[in-house]
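Welcome! Take a moment to turn the model around on your screen, and then use the notes below as a guided tour.

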Amino acid sequence: MGRTVLDDAAAISDCILKKEEAMCLEKIEEANEMMGLNDSSPGCPWMWDNITCWRPAVMGQVVEVGCPELFQIFNEGTYSCLFTLAPSSSLNTGVVSRNCTEDGWSEPFPHYFDACGFDNDYLEGGGNQDYYYLSVKALYTVGYSTSLVSLTTAMVILCRFRKLHCTRNFIHMNLFVSFILRAISVFIKDWILYEEQDTNHCFISTVECKAVMVFFHYCVMSNYFWLFIEGLYLFTLLVETFFPERRYFYWYSIIGWGTPTICVTVWAVLRIHFDDNGCWEMNDNTALWWVIKGPVVGSIMINFVLFIGIIVILVQKLQSPDIGGNESSIYLRLARSTLLLIPLFGIHYTVFAFSPENVSKRERLVFELGLGSFQGFVVAVLYCFLNGEVQSEIKRKWRSWKVNRYFAVDFKHRHPSLASSGVNGGTQLSILSKSSSQIRMSSVNAENLAT
């Protein structure tokens, strides 16, 4: 939750291998300095085989090593969704051996896949795996870009027209801002951590990098909480006949922006003291991660309950005798209202909110990152571009602009001398309006005198 596609997949395995490789090369360098051991020495030298490190051995010696850390982590089930584990067998010993021969190191026996309970199908399909992750990344990049453009346009519209300034639209605007910040934070995070195709990010541990992660989690968490505020506001609007909206909006702002601030700050402080490793892009400490995930899951759960409550209220209102229409039209309106509320409440997040993060990883990535990245675009379209109030205000401004433009052009052609002296069509239109008002007042006074 709140992670990009590269966080738990390539990042974890690559970083573990990079760390193991760095430790092995350091041991090789120390051994060469202390013992003078080199490739020309009899026997087999230190070796890194891209999976684990092998210590030097004399000819005929058999060296045994345990399963590398990478395999141990996956076998524990923490990230088993990324790899397919083979069924346990008699070969699943957890120990891999190599024999030092005249020709150098022999092939490992049993193979890593047999000894460590690992399925070779993963590596055979590695190209497909990379293609899959790149496809998901391309999908959410397009989604967040589309959402960013549409939400920015919607914000300009809602800010530009004063008649649209009300508590409901203020809440929409805050939700739009949270979507915009979420999209920006995803792009910044990908740019900082994964712009380079190598794995140098494994060793990044700068203040700037950690600040980016804090900003990323804050934006994602704020987005979830403003989805919750949308649900809470609509439910309150339906339940209470009258309530002070302005006073409620003050508390809504505190919940929407303040709660994520507190949670992310606590998480950052705990990371500094208990898990200050890397760039904070991986959350190996489950307890610390729940400081952020817990409130998010709670907001999703409450929003789902509010969603069900609103649907019940809508059913009761649509079945009221005061509302006309047959049964089919009632269900049609109910279905339409339900579909409109799903993106506004973020109900689609409930599909995987309570399942372990290692379950249905591929489906989760497509659902939450691929389709979820377009949520901001859908919300902007439904609650701004297709909003009747917004469309009416835009049409009114458009007609007013056309009238002003018509009088400006007409006045310029009829009275070029006045036009060149600085009197424009807008001034002429205001003069005409005042004149017509004075004429109407004069006629009313004349009628009153006549009577």
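**A serine and its neighbours**

Leaving aside residues within four places of it in sequence, Ser147 is in contact with Ser373, Phe374, Gln375, Gly376 and Phe377. Keep in mind as you explore that this is a predicted model. Ser147 belongs to helix H5, which covers residues 126–160. From there, the tour moves on to the whole chain and then to some of its details.

**More on Ser147**

- Is Ser147 buried or exposed? Ser147 counts as buried, because its relative accessibility is 3% and the cut-off for buried is under 20%.
- A polar atom in the side chain of Ser147 lies 2.7 Å from the backbone oxygen of Ser373. Ser373 is also one of the residues in contact with Ser147.

**The chain as a whole**

- The protein chain contains 16 helices and 5 strands.
- How many of the residues count as buried? The share is 41% of the 451 residues in the protein chain.
- About 24,700 Å² of the protein chain is exposed, and carbon and sulfur atoms supply 61% of that area.
- Take the contacts between residues at least 6 apart in sequence: 72% of them join residues at least 24 apart.

**A sheet of three strands**

- Look for an open sheet with 3 strands in the order S3-S4-S5, where the pairing is antiparallel.
- Strand S3 (62–66) and strand S5 (104–105) are at the edges and have a single partner strand each, so one side of each has no neighbour in the sheet.
- S3 pairs with strand S4 (residues 95–101) in the antiparallel sense, over 5 bridges.
- Two bridge partners in S4 can be picked out: Val96 is the partner of Val65, and Asn99 is the partner of Val62.
- Where do the side chains of S3 point? Val63 and Val65 point to one face and are buried, while Val62, Glu64 and Gly66 point to the other face and are not buried.
- This fits a wider rule: side chains in a regular strand alternate between the two faces of the sheet.

**A buried asparagine**

- Asn223 is located in helix H7, which spans residues 207–239.
- With a relative accessible area of 0%, Asn223 is buried.
- Which residues does Asn223 touch? Not counting residues up to four places away in sequence, Asn223 touches Leu175, Ser178, Phe179 and Arg182.
- With Arg182 there is also a polar contact, made between the two side chains at 2.9 Å.

**Salt bridges**

- How many salt bridges does a search of the whole structure find? The search finds 5, and three of them are described here, beginning with Glu389 and Arg168.
- In the salt bridge between Glu389 and Arg168, the closest N and O atoms are 2.6 Å apart. This pair links distant parts of the chain, with Glu389 in helix H14 (residues 388–414), Arg168 in helix H6 (residues 167–194), and their positions 221 residues apart.
- Glu389 is partly exposed, with a relative accessible area of 35%, and Arg168 is partly exposed too, at 30% relative accessibility.
- Lys210 and Asp276 form another salt bridge, with their closest N and O atoms 2.5 Å apart. Here too distant parts of the chain are linked: Lys210 is in helix H7, while Asp276, 66 residues apart from it, is in the loop between helix H8 (245–274) and helix H9 (286–318).
- Lys210 counts as buried at 11% relative accessibility, whereas Asp276 is partly exposed with a relative accessible area of 35%.
- Arg396 and Glu393 also meet through their side chains in a salt bridge, at 2.8 Å from N to O. Both lie in helix H14, 3 residues apart, which is about one turn of the helix.
- In this pair, Arg396 is partly exposed, with a relative accessible area of 33%, but Glu393 counts as buried at 7% relative accessibility.

**A nonpolar patch on the surface**

- Which residues form a nonpolar patch on the surface? Leu139, Val366 and Leu371 do, and together they have about 220 Å² of accessible area.
- Val366 is part of helix H12, made up of residues 361–371.
- Val366 is partly exposed, with a relative accessible area of 33%. That value fits its place in the patch, because patch residues need over 30% relative accessible area.

Definitions and conventions
Residues numbered from 1 in each chain as written. Predicted model: local features only at pLDDT ≥ 70, side-chain atom pairs only at ≥ 80, totals over all residues. Heavy atoms only, no water. Pairing = 2+ DSSP bridges. Helix = DSSP H or I, 4+ residues; strand = E, 2+ residues; numbered from the N terminus. Patch = residues over 30% accessible without salt bridge, like charges linked within 9 Å, V, L, I, M, F, W, Y side chains within 5 Å. Areas by Shrake-Rupley, 256 points an atom, 1.4 Å probe, with all protein chains shown as cover. Salt bridge = Lys/Arg side-chain N within 4 Å of Asp/Glu carboxyl O. Buried < 20%, exposed > 50% of the residue type's maximum accessible area, 1.4 Å probe, protein only. Contact = heavy atoms within 4.5 Å. Polar contact = N/O pair within 3.5 Å; in protein donor to acceptor, adjacent residues only side chain to side chain.
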